[in-house]
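I am opening a notebook on a structure that is new to me, and I will write down what I look up as I go.

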Amino acid sequence: MILQFRFIWIIKCPFVYYVRLKGVLMHNKKTKRGLLLPGGGTKGAFQAGALKYIDKELGRKYDAVSGFSIGALNAIGIVQQDFDVVLDLWENAKSISDFFGGNILFYKGLMSMKPLRKQIEQRMNIDKLRESPIDFIFSTVDLQKGVLVEKDKFASPLVDWLLASCSIPGAFEPVEIDGHQFVDGGVLATQPLAPLVRLGVDEIDVVATRPLTNLRAKEKPETIIETAQRCLELIQSEMVNIDIDRCRSINEIVSKWGTMKGKGNIVEGILFHFAEKSEDFPLREYRHIEITLVEPQEDFIDILEFDQEKIKKTMEAGYSEAKAVFEKKAREAEKKA
């Protein structure tokens with residue numbers, strides 16, 4: 001009799017059974033984690049310091065990494081699962097000549113990226129990168145088409161595409177590939193979280209190179225280059241900020257919808273279920289994505305400044321900030337448990 005009642009209850013209430021089963025499956029689902037690494041020239045030292053803590057001390061793993069400019073280069077160590085190659089680059093850089101050289105055709109770009117190409121070729125293991133289980137997306141801008149171009153670890157020639165992602169307009173000559181000129185992906189990265197969202201991640205760690213919540217500058221730019229750099233910094237910071245805010249707004253909407261469903265009765269639950277299946281359902285493509293932001297509290301170094309003491313200080317600040325952010329995150333998780 002009891003077995004018969006349970007069987008009838010499941011037949012008559014398929015939605016309730018479906019919700020409970022789905023809840024168990026979702027609870028057991030492995031969290032997919034992404035890492036976003038925006039650009040910032042030499043400010044990438046902060047990113048490198050933060051990643052040193054995240055990768056080597058915390059042991060935090062990622063399923064997907066996305067970045068542009070210096071963020072794409074820092075990403076190499078995470079994706080090929082050998083971050084020491086990136087740390088070695090930052091910790092042993094002696095001067096700007098380790099990264100950039102002079103350019104005879106200065107009217108095309110003030111500096112050459114030939115030394116940087118050599119650094120990438122020496123440190124990047126293409127086989128390890130491409131065999132890695134970690135997805136890797138980076139971006140550059142096609143000047144002729146006027147569009148953002150996304151590339152992955154299977155792009156060829158890979159070094160050229162990575163250099164294109166780092167080519168700050170004015171400072172460097174655009175990288176030419178297949179007859180088109182390409183520059184820094186940060187120029188048009190209006191939705192930097194999008195590549196990771198499309199890859200289906202549930203969490204995104206954003207490790208910035210410059211302050212995102214406090215954009216004030218301590219000093220006035222004195223030259224054309226400094227003014228241009230400052231403008232590019234503000235544009236890129238604002239684009240990352242806007243996308244993070246957009247993601248958090250979607251999280252709030254999804255959370256409210258979940259609360260509403262949780263309060264409904266069986267009939268309302270069935271209606272909610274079929275509403276979600278409709279192609280016209282406005283929240284159909286939305287899901288909750290947890291955002292963790294690691295950002296410097298102040299600027300420690302300029303985009304193209306190669307002072308080893310400042311680089312060291314910036315890396316230490318990145319390490320300390322990442323440690324503080326993730327320790328706080330762990331404490332909050334313990335309180336909720």
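**Cysteines and the chain as a whole**

I began with cysteine 247, which counts as buried because its relative accessibility is 9%. I then looked up cysteine 231, and at 40% relative accessibility it counts as partly exposed. I note here that I am working with a predicted model. My search of the whole structure for disulfides came back with zero.

For the chain itself, I listed the secondary structure and arrived at twelve helices and ten strands. I found that 46% of the 337 residues count as buried. I also looked at the contacts with a separation of 6 or more, and 76% of them are accounted for by residues 24 or more positions apart.

**Helix 8 and helix 4**

How many of the residues of helix 8 are buried? I found that nine of the nine residues in this helix (residues 158-166) are buried, so helix 8 is largely enclosed by the rest of the structure. Among these buried residues I noted Leu158, Asp160, Trp161 and Ser165.

I next looked at how helix 4 meets helix 8, and I found that their axes come within 7 Å and cross at roughly 135°. That angle makes helix 4 oblique to helix 8, because it falls outside the ranges for roughly parallel, roughly perpendicular and roughly antiparallel. On the side of helix 4 the contact is made by Ile70, Ala72, Leu73 and Ile76, while helix 8 contributes Leu162, Ser165 and Cys166. When I sorted the residues of this contact by type, they divided into six nonpolar, one polar and no charged.

Before helix 8 I stopped at the peptide bond that joins serine 156 and proline 157, which is cis, with omega at about 0°. Proline 157 lies in the loop between strand 6 (147-152) and helix 8.

**Two positive phi angles on either side of helix 4**

I then looked up serine 69, which lies in the loop between strand 2 (64-68) and helix 4. Serine 69 has a positive phi of about 60°, although it is not a glycine. Its relative accessible area is 3%, so serine 69 is buried.

Glutamine 81 has its place in the loop between helix 4 and helix 5, and I noted that it has a positive phi of about 55° although it is not a glycine. Is glutamine 81 buried or exposed? At 54% relative accessibility, glutamine 81 counts as exposed.

**Helix 5 and what covers it**

The buried residues of helix 5 are Val85, Val86, Leu87, Leu89 and Trp90. I looked for what covers them, and the list includes helix 3 (44-57), helix 4 (70-79), helix 6 (114-123) and helix 12.

For one of these, I looked up the packing: helix 5 (residues 84-91) and helix 12 (residues 308-336) pack at an angle of about 140°, with their axes 10 Å apart. This makes helix 5 oblique to helix 12. I recorded Leu87, Trp90 and Glu91 of helix 5 as making the contact with Gln308, Ile311 and Met315 of helix 12. These residues divide into four nonpolar, one polar and one charged.

**Threonine 209**

I found threonine 209 in the loop between strand 9 (203-207) and helix 10 (224-263). It counts as buried, because its relative accessibility is 3%. Its side chain reaches the backbone oxygen of glycine 39 at 2.6 Å. Leaving aside neighbours within four places in sequence, I found threonine 209 in contact with residues including Pro38, Lys43, Phe46, Ile70 and Pro296.

**Aspartate 243 and threonine 190**

Aspartate 243 has its place in helix 10, and at 5% relative accessibility it counts as buried. Which backbone atom lies 2.7 Å from a polar atom of the side chain of aspartate 243? I found that it is the backbone nitrogen of leucine 193. Aspartate 243 and proline 192 are 51 residues apart in sequence, yet 6.9 Å apart in space, C-alpha to C-alpha.

Not counting residues up to four places away in sequence, aspartate 243 touches Thr190, Gln191, Pro192, Leu193 and Ala194. I followed this to threonine 190, which lies in the loop between strand 8 (180-184) and helix 9 (194-198). Threonine 190 is partly exposed, with a relative accessible area of 45%. With the same exclusion of sequence neighbours, threonine 190 touches Met239, Asp243 and Arg246.

Conventions. Residues numbered from 1 in each chain as written. Predicted model: local features only at pLDDT ≥ 70, side-chain atom pairs only at ≥ 80, totals over all residues. Heavy atoms only, no water. Helix = DSSP H or I, 4+ residues; strand = E, 2+ residues; numbered from the N terminus. Buried < 20%, exposed > 50% of the residue type's maximum accessible area, 1.4 Å probe, protein only. Polar contact = N/O pair within 3.5 Å; in protein donor to acceptor, adjacent residues only side chain to side chain. Contact = heavy atoms within 4.5 Å. Axes fitted to C-alpha atoms, helices over the stretch in contact; angles between N-to-C directions. Parallel < 35°, antiparallel > 145°, perpendicular 65-115°, else oblique. Nonpolar A, V, L, I, M, F, W, Y, C, P; charged D, E, K, R; others polar. Disulfide = S-S within 2.5 Å.
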